[in-house]
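User: I would like to learn how to read the features of a structure, taking one at a time and setting the general idea beside the actual case.

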Amino acid sequence: AIADRSPLLIIDWKTYRQRPSRAWLVRRLQTRLYPVILVQAGASLIDRARVEPSDVEMCYWLAEYPHTPEVFPYDAATYEADVEFLSALIAEIDERIKGTSGSSSATDDVWSLTVDLKRCRFCNYRSLCGRGNVAGPFVDYVEEIDQGQATADQTGLDFDLDWGQVQEIAY
């Protein structure tokens, strides 16, 4: 239920066993993408004339820490920065795709493998590139980020799901 002009809360349920830092969560692509989508397209879904950035909050609800979610208020300046970032990202992808017209090896030409193998350590898809069969433990990744040993940009990671972190459900 949405009361008139109440904050619109985006809830992303996470099942990490170890609590990620707030700094790590704020750098996640979805922390930028979901609020932009709600501001740009949400009004038609909730019978409002317009959704303002200040109407939006992003919440990571952590199953292992149910009473202490991480909530990120949103504002116009953050919205503008996120739109600029996402537009540039889309433009880069579009340019790479356009640059492969007629190429028989378009994927190899546009999305070449990194020479920095450290970026592959925690990637769930590393077996597709022949760079190992199993991604490193998510706990190690979060610890490196939190200790300043690596950044999401250095590792090349922004993934949502580490199957090793998902708890089994009893039926």
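User: Is Glu70 buried or exposed, and what is its relative accessible area?

Analyst: A word on the source first: this is a predicted model, in which local features need pLDDT of at least 70 and side-chain atom pairs count only at pLDDT 80 or more, while totals for chains, interfaces and linings use all residues. Residues are numbered from 1 along each chain as its sequence is written, and side-chain values use heavy atoms, with hydrogens and water left out. Buried means under 20% relative accessible area, exposed over 50%, and partly exposed in between, with a 1.4 Å probe and protein chains only. Glu70 has a relative accessible area of 12%, so Glu70 is buried. Over the whole chain of 171 residues, 31% count as buried.

User: What does the side chain of Glu70 make a polar contact with?

Analyst: A polar contact is a pair of N or O atoms within 3.5 Å; within protein, one must be able to donate a hydrogen and the other to accept it, and residues adjacent in sequence count only if both atoms are side-chain atoms. Here the partner of the Glu70 side chain is the side chain of Arg22, at 2.8 Å. Contact in the broader sense means heavy atoms within 4.5 Å, and, leaving aside residues up to four places away in sequence, Glu70 touches several residues, including Arg19, Met58 and Tyr60.

User: Which strand holds Glu70, and what is the order of the strands in the sheet?

Analyst: Strands of a sheet pair through backbone hydrogen bonds, either parallel or antiparallel. Helices (H or I, at least four residues) and strands (E, at least two) are DSSP runs numbered from the N terminus, and two strands pair if DSSP finds at least two bridges between them. Glu70 lies in strand 3 (residues 70–73), and the open sheet of 3 strands has the order 1-2-3 with mixed pairing. Strand 1 (8–14) and strand 3 stand at the edges with a single partner strand each, so one side of each has no neighbour in the sheet. Strand 1 and strand 2 (residues 56–62) run parallel and are joined by 7 bridges; Leu9 stands opposite Glu57 in strand 2, and Lys14 stands opposite Leu62.

User: Which side chains of strand 1 point to the buried face?

Analyst: The side chains alternate along strand 1: Leu8, Ile10, Asp12 and Lys14 point to one face and are buried, whereas Leu9, Ile11 and Trp13 point to the other and are not.

User: At what angle do helix 2 and helix 4 pack?

Analyst: Two packed helices are described by the angle between their axes and the distance between the axes. Axes are lines fitted to C-alpha atoms, for helices over the stretch in contact, and angles run from 0 to 180 degrees between N-to-C directions. Helix 2 (residues 29–41) and helix 4 (residues 76–98) pack at about 105°, with their axes 10 Å apart. Angles under 35 degrees count as roughly parallel, over 145 as roughly antiparallel, 65 to 115 as roughly perpendicular and the rest as oblique; helix 2 and helix 4 are therefore roughly perpendicular. Among the residues making this contact are Leu33 and Val36 of helix 2 and Phe85 and Leu86 of helix 4.
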